[in-house]
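Colleague: I'd like to go through this model and ask what lies behind the labels. Could you show it first?

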Amino acid sequence: MAVLALSDVSKSFGAVRALRGVSLKLEAGEAHALAGENGAGKSTLVKILSGVHRPDTGQILLNGSPVTFGGPADARHAGVAVIYQEPTLFPDLSIVENIFMGRQPRTRFGRIDRAAMAEQTGRLFAGLGVELDPEQAARGLSIADQQLVEIAKALSRDAKVLIMDEPTAALSGNEVARLFGVVKALREQGCAVLFISHRLDEIFELCQRVTTLRDGTPVAEDLIADITPDDLVRRMVGRDLDALYPKQDGVPGEVALEVHRLTREGVFTDVSFRVRRGEIVALAGLVGAGRTEVVRAIFGIDRQDAGWVEVGGRRLRPASPTAAMAAGLALVPEDRRQQGLVMDLSIDRNIALAGLAEVRRGPLISRAAEHARAQDWAVRLRLKFARLSDPVGVLSGGNQQKVVLAKWLARKPSVLIVDEPTRGIDVGTKAEVHRLLSELAVGGMAVLMVSSELPEVLGMADRVLVMHEGRLVAELPRASATEESVMSAATGRTAA
Amino acid sequence: MLVRRWESLILVLLVGVCVWAALGVDGFANTSNVSFLLLDTTEIALMALTMTFVIVAAEIDLSVASTLGLSCAVLGWLWNAGLGIELIMPICLLVGALCGAINGLLVTRLGLPSLAVTIGTFALYRGLAYVILGDQAVADLPAAYTSLATRPLVPLGLVAVLGVGAAVLLHATGLGRAVFAIGANQEAAFFSGIRVKRIKFWLFVAGGAMAALASLVFTFRYASARADNGVGLELAVVAAVLLGGVSIFGGRGSLPGVLMAVVLLGVVRNALILADVANEVLNFVTGLLLVASVLAPNLGALWRRRFTSQQEVS
Amino acid sequence: MTALSEATPPGHGGRRLFDRVTRVRELGIVLALAALFGVTGAVNPTFLSFGSIRDILLNSAIVAMLAVGQTLVIVTRNVDLSISSIVGLTGFGGALVLADSPAVPIAVVIAGCVALGVVCGAINGLLVGVAKVPALVATLGTLYAFRGIDYAWAGGRQVNAADMPESFLSLGSRSVLGLPLLALVALIVLLAVGWMLRNLRAGRELYAIGSNPDAAVLAGIQVRRRIMTAFMANGALAGLAGVMWAARFGTVDATVATGKELDVIAAVVVGGVAIFGGSGTVFGAALGALLLTGITSALAVLRVDALAQTAINGALLIAAIVLDRVLALRVAAALRRRRYRDAR
């Protein structure tokens with residue numbers, strides 16, 4: 001019998017249907033993979049299993065009997081431990097305290113038994129092969145170390161079900177191997193594991209079974225032994241790559257953006273490249289390789305320690321988004337909700353926000369000009385909305401992304417930087433965004449695209465730049481960019 | 001939408017209290033009392049104008065009343081030293097702007113929380129006021145100005161002109177849009193090319209200068225420059241701004257709402273005094289109104305969440 | 001970069017750095033205290049006399065106790081502005097009962113004041129923890145409201161030392177084992193609260209809530225209940241401080257302790273408690289209170305105008321947070337570089 005199972009679960013957020021009729025069984029001693037593209041509903045599923053969200057319909061079954069998780073505490077009592085992509089530690093507290101917070105061992109008088117905590121932590125760390133100082137504060141730990149603390153936390157709790165949401169995204173090869181050793185041992189002890197990763201080789205190495213989600217709907221459940229990686233990709237994408245990546249070939253023009261030996265100490269080092277008008281250049285690499293940080297510095301969000309950026313032959317003032325915008329740069333940021341949009345503001349005001357000077361009549365804002373600007377771009381990008389005065393927060397992820405694009409395209413930039421342009425949006429809108437980017441490039445815009453999705457990188461880019469640990473390690477023209485060549489550069493196995 | 005509803009609520013409350021006071025309180029509904037009560041709100045109204053900008057931008061300034069005190073002390077000291085009042089007034093405004101600039105620099109350059117910074121400068125500026133003027137009261141101020149300040153039309157005209165100016169600035173210009181965006185989501189505002197730090201800095205400077213302007217009105221109105229002028233006004237100003245529907249978390253609020261809240265508090269105060277309710281009970285009413293103004297929408301939200309399906313978006 | 005990369009195991013260096021900084025922080029206050037006493041004592045040796053130090057301890061007892069309570073709240077990323085009004089309410093209420101009903105035992109009055117403080121704290125806790133009103137707004141409101149009740153209760157009346165039993169007033173001046181009783185009470189409270197914050201689950205959970213509220217929920221901490229507890233404990237200490245105030249000063253009216261809230265917060269922040277929660281100790285906060293009170297006494301001894309004291313408090317608070325910030329930025333930058341070196 002399954003330790004933990006979902007039966008016909010659905011969940012919506014406002015107008016967005018995140019999950020539809022999902023069933024899933026986690027068996028003891030089995031590692032079960034959850035595959036699917038970004039936005040397929042994997043994170044929502046994890047949050048339901050961990051008690052953060054409650055399903056709208058359907059049931060959670062624990063050892064065969066229905067349960068309701070009122071919150072994360074209930075799920076934890078049921079033996080479910082979750083290791084999130086972004087660890088959730090208390091930065092001010094020590095590692096030991098982080099592991100045992102809320103359930104510290106106590107002496108008879110209710111006093112926290114620090115000796116017992118230290119002893120148990122020592123044992124856990126020895127088992128994991130971790131060499132961290134348990135009394136150290138969590139602030140300042142690398143993501144990989146934080147991840148290990150999270151795993152120690154789960155182990156200390158004797159979890160029956162271990163859910164890992166992209167735990168390897170920020171880990172190096174050694175760290176991944178160490179993690180897998182631990183997880184395999186846990187599995188053999190009878191733990192049920194739910195594993196989510198974008199790296200197919202990891203799924204094939206660790207798991208016995210895989211469930212694939214597409215747009216919130218389960219499309220297949222297979223034994224790993226029965227399928228090939230290609231089969232899995234087909235299940236995830238569900239259509240031909242050509243339809244998703246309608247790339248037209250443009251003619252590269254003069255250099256629009258030049259980055260010269262850009263360095264930010266401790267983040268990225270000596271990054272130089274050029275982007276020409278009419279081409280799409282992808283910046284690929286693993287999470288944490290420094291790609292987002294590079295485009296942030298280009299746009300003036302962060303200050304570089306050395307090097308410079310030229311747009312149209314003119315050097316930019318560092319650390320000034322205003323200067324970057326005046327020179328014709330536009331940045332569609334990674335985090336749409338936090339950086340791209342002001343959720344409380346209406347659609348038209350969000351679109352006007354990057355061009356307040358352009359919707360003025362005299363000293364005052366012209367509501368008519370603001371509205372016209374939004375209307376124009378809403379039509380061009382086929383935005384689905386009720387009224388332009390609605391807060392942007394009510395739109396679906398894909399439509400929110402269109403608002404961000406409209407906000408920047410309305411400024412008529414010469415260089416468009418997009419960071420994870422299709423993260424968390426549905427497949428249909430995704431294809432639209434890809435078509436738009438392609439058209440913009442053909443129309444003479446220089447496009448720099450940061451993406452963690454290999455198919456997107458390979459499908460859209462004229463050239464692929466690969467970063468590894470803060471350095472640019474490879475430049476691959478479209479013809480020689482393959483999944484293997486990009487991945488081996490991104491993991492540091494080959495250097496250009 | 002919530003803001004609109006809140007403004008209407010304040011307006012209804014204001015009209016209600018006025019009607020009640022006019023019918024039930026002797027001596028409320030006559031011209032001299034009404035002009036007196038309005039006059040009495042001048043300083044709070046002035047400081048509330050700039051405080052609205054600061055709080056909409058998700059910051060706070062608890063040092064305004066101390067800035068007012070420091071400006072009063074400087075005025076008294078320079079007057080004692082024999083300077084002309086026409087020269088002293090711009091100096092006071094500069095002192096106020098400087099106080100605001102110090103707050104602004106600490107908040108924007110060092111990234112310190114404005115709450116902690118302005119609790120510090122709250123003590124610092126008031127302390128400097130005591131150092132400059134001690135506990136003396138400077139009262140021999142020029143009659144031309146003291147009589148001007150007690151003629152209702154002048155201070156109220158000032159409030160009206162600055163109020164309209166501030167309302168236009170906040171609600172109809174790019175700067176106002178930027179202030180709302182900063183308060184609602186500072187990071188997104190910065191990513192949109194808005195100069196977050198620079199704008200915040202100038203908001204604090206304007207707040208300081210406005211406190212100094214309020215100090216001039218205060219000094220002339222009471223014909224007395226003292227270091228302890230306006231002690232405790234900062235809380236009254238913040239209370240009025242919050243009661244006016246501005247969110248303490250920034251990004252929401254309107255100037256008309258704030259001005260109505262200032263008048264509402266003034267009317268309540270005046271009516272209770274006329275009705276012979278102990279002056280001190282006013283504190284209780286102020287506190288209650290303040291808590292209620294934040295509690296009501298929160299409880300409303302709790303209520304809605306309980307009776308409709310969850311609308312959380314991950 | 002490579003030249004600098006020593007074989008430090010990741011983390012250990014960061015640990016040492018972090019420790020050093022926190023130690024510097026509390027050491028800084030101790031040094032400031034030492035400098036204060038050294039300089040003032042050199043100018044005027046009577047400052048270091050037994051009687052003078054006894055006075056300083058007595059004077060700082062009430063602020064230190066309030067600082068301990070305030071720390072409980074600030075550590076959870078909240079703040080309580082209403083404590084001065086709670087002190088006023090309980091101080092006046094206690095004195096009034098003692099004056100009007102001499103039959104009530106003193107112990108009952110003290111317990112009553114603490115209970116009243118707990119009720120006030122519970123109101124704050126309900127507003128902040130349950131109704132989710134931002135602490136700053138909620139306690140600003142109750143600052144007015146509690147003071148209003150105080151005024152209404154007093155109706156302009158003042159209770160004088162002559163109205164209260166001598167046995168009560170002597171609590172304010174009596175010494176036990178050479179220590180003033182009030183200072184001893186504050187010390188016991190300090191040690192007890194300090195022990196609880198360090199050794200009880202509830203104590204550690206307060207830090208967790210302030211350090212990362214979302215993670216606290218995920219860790220299954222009863223956030224609401226803990227915030228309630230912090231506000232109620234703070235209210236209880238404010239109630240106790242109210243009685244102490246009445247015993248110490250003998251003359252009380254409805255204005256007792258007006259404006260004290262910002263002094264207390266200043267002491268807490270000077271003592272190294274982060275205004276946005278998660279770190280700091282009650283010992284630091286108490287040291288902060290001692291430092292600020294010590295300065296007041298020193299100014300009197302040095303014949304500096306007492307009026308300068310407010311300004312000095314403010315300047316000290318700003319200096320403390322600026323220093324904290326600069327140190328934090330340094331540490332963050334150093335950690336960034338070190339992590340990068342380790343990754344190489």
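**The sheet in chain A**

Modeller: Sure, and keep in mind that the model is predicted. Chain A has an open sheet with mixed pairing, built from six strands in the order β6-β7-β8-β3-β9-β10.

Colleague: What makes β6 and β10 of chain A edge strands?

Modeller: β6 (80-83) and β10 (217-223) of chain A have a single partner strand each, so one side of each lacks a neighbour in the sheet. From one strand to the next, the twist averages 20°.

Colleague: Why do β3 and β9 of chain A count as a pair?

Modeller: Pairing takes at least two bridges. β3 (residues 31-35) and β9 (residues 209-214) of chain A have four bridges, in the parallel sense, so they count as a pair. In β9(A), Arg209(A) is the bridge partner of His32(A).

Colleague: Which helices pack on the sheet?

Modeller: Helix α1 (residues 42-49) of chain A does, touching β3, β6, β7 (161-165), β8 (192-196) and β9 of chain A, and its direction makes about 150° with that of β7(A). Helix α5 (residues 143-156) of chain A packs there too, touching β6 and β7 of chain A. The direction of α5(A) makes about 180° with that of β6(A). Angles run from 0 to 180 degrees between N-to-C directions, so about 180° means that α5(A) and β6(A) run in opposite directions.

**Where chains B and C touch**

Colleague: How many residues does each chain bring to the contact between C and B?

Modeller: Chain C brings 41 residues and chain B 40 residues. On the chain C side, α5 (135-154), α11 (260-270) and α13 (308-343) give two or more residues, and α5(C) gives the most, with 14 residues. That side divides into 30 nonpolar, seven polar and four charged residues.

Definitions and conventions. Residues are numbered from 1 along each chain as its sequence is written. Chains are lettered from A and ligands numbered from 1 in the order in which they are written. This is a predicted model: local features need pLDDT of at least 70, side-chain atom pairs count only at pLDDT 80 or more; totals for chains, interfaces and linings use all residues. Two residues are in contact if their C-beta atoms, placed from the backbone, lie within 7 Å. Ala, Val, Leu, Ile, Met, Phe, Trp, Tyr, Cys and Pro count as nonpolar, Asp, Glu, Lys and Arg as charged, and the others, Gly among them, as polar.
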